[in-house]
Amino acid sequence: MSQSQTLPLKRHQDENPRDDDSSDIKPSRLKISLPSEDSDKKILIKRVKDVGICVPIVYGTIAFFLGRKASESQSHKWTVYVRGASNEDLSAVVKRVVFQLHPSFNNPTRVVESPPFEISECGWGEFEIAITLFFHSDACEKQLDLYHHLKLYPEDESGPQNTKRPVVIESYNEVVFPEPSEAFLARVQNHPAVVVPRLPDGLNLPSPVPVEPMNDKERGDTKDHPLNHWFLNFSEADELLKLAAARQQVQAHIVKLGRQLTLMEGLPQSKQPSG
């Protein structure tokens with residue numbers, strides 16, 4: 001990721017600074033608004049009623065002090081990003097992310113079309129970054145607007161800045177898609193970044209249509225990300241994903257048992273296994 005020269009930014013502190021401790025970050029649920037029924041009819045979207053799928057996400061910044069390499073206009077290198085809460089690939093849901101930087105940056109509107117959804121820059125000022133998530137067409141017609149305050153300096157500024165330990169600020173949210181389309185649900189129901197509830201009995205989903213394939217170098221998970229060890233841990237996301245995985249295993253086992261019972265019922269009485 002390239003670094004562009006930036007004009008000096010006026011440094012300012014957040015009027016309501018947040019602690020770096022992840023325990024103080026309260027999760028919230030961002031419910032995506034359903035499009036109107038008229039728009040659904042126009043494109044013949046079949047939605048699954050009384051079902052909502054959840055995608056835990058994290059967005060934030062990591063800022064490193066440059067130490068001896070620092071200059072008056074470039075004292076820190078920082079990265080702003082959107083990632084799966086357990087570092088899973090979000091590209092099955094997110095099509096692109098737009099980061100709106102301070103207008104003093106060259107090309108302040110940055111569009112990231114493929115994962116990892118992040119950009120890196122150098123500067124010395126703190127400012128608010130607007131982050132807009134665009135979803136695949138079968139997921140939702142609405143975009144999601146988020147806002148994150150870039151923080152370069154630690155809360156305790158009395159001592160020297162540390163070049164090895166960055167300032168990490170992250171926010172955790174759960175993006176909820178109520179009444180998802182059948183096509184979207186079929187495509188993501190077994191994806192590790194998506195939490196799917198128990199589906200209604202007898203629901204027959206269409207064959208999933210994958211999004212554009214990516215090669216191995218373009219994988220969107222951040223498990224091997226160079227900044228991975230600085231990412232904060234959100235236990236809520238881990239629990240949600242574990243519950244979803246367990247639910248899917250139970251559902252698959254129930255389906256398997258049902259098929260076996262159906263086969264047994266079709267066998268002649270003499271060939272059925274005795275108890």
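Read from its beginning to its end, the chain follows the pattern β-α-β-β-β-β-β-β-β-β-α-α. Colour the predicted model by secondary structure, and the 3 helices and 9 strands of the chain can be traced in that order.

**The whole chain**

Display the surface next. The accessible surface of the chain comes to about 16,200 Å², and carbon and sulfur atoms account for 51% of that area. Of the 275 residues, 43% count as buried. Contacts across the sequence may then be considered: among those between residues at least 6 apart, 74% join residues at least 24 apart. The two residues visited next each offer an example of positions far apart in sequence.

**First stop: Leu 146**

Select residues 144-149, which form strand 8, and find Leu 146 within this strand. Is Leu 146 buried or exposed? Its relative accessible area is 5%, and Leu 146 therefore counts as buried, the limit being under 20%.

Which residues does Leu 146 touch, leaving aside those up to four places away in sequence? Add Leu 30, Ile 57, Tyr 59, Ile 129, Ala 130, Ile 131 and Leu 133 to the selection; Leu 146 is in contact with each of these. Tyr 59 deserves a separate look: along the chain, 87 residues separate Tyr 59 from Leu 146, while the C-alpha atoms of the pair are separated by 8.7 Å.

**Second stop: Gly 84**

Move to strand 3, residues 76-84, where Gly 84 has its place. With a relative accessible area of 1%, Gly 84 is buried, because this value is under 20%. Show Pro 56 and Leu 90 as well, since Gly 84 touches both of them when residues up to four places away in sequence are not counted.

Now select Val 194 together with Gly 84. How many residues apart in sequence are Gly 84 and Val 194? The separation is 110 residues, and from C-alpha to C-alpha the two lie 9.3 Å apart in space.

**Third stop: strands 4 and 5**

Select residues 94-100 for strand 4 and residues 109-112 for strand 5. These two strands run antiparallel and are joined by 4 bridges. Within this pairing, Phe 99 stands opposite Arg 110 of strand 5.

Finally, show the side chains of strand 5. Which residues make up its covered face? Arg 110 and Val 112 form the covered face, whereas Thr 109 and Val 111 form the uncovered one. Arg 110 thus appears twice at this stop: opposite Phe 99, and on the covered face of strand 5.

Methods:
Residues are numbered from 1 along each chain as its sequence is written. This is a predicted model: local features need pLDDT of at least 70, side-chain atom pairs count only at pLDDT 80 or more; totals for chains, interfaces and linings use all residues. Side-chain values use heavy atoms; hydrogens and water are left out. Buried means under 20% relative accessible area, exposed over 50%, partly exposed in between (1.4 Å probe, protein chains only). Contact means heavy atoms within 4.5 Å. Accessible areas come from the Shrake-Rupley method with a 1.4 Å probe; for residues, only the protein chains shown count as cover. Two strands pair if DSSP finds at least two bridges between them.
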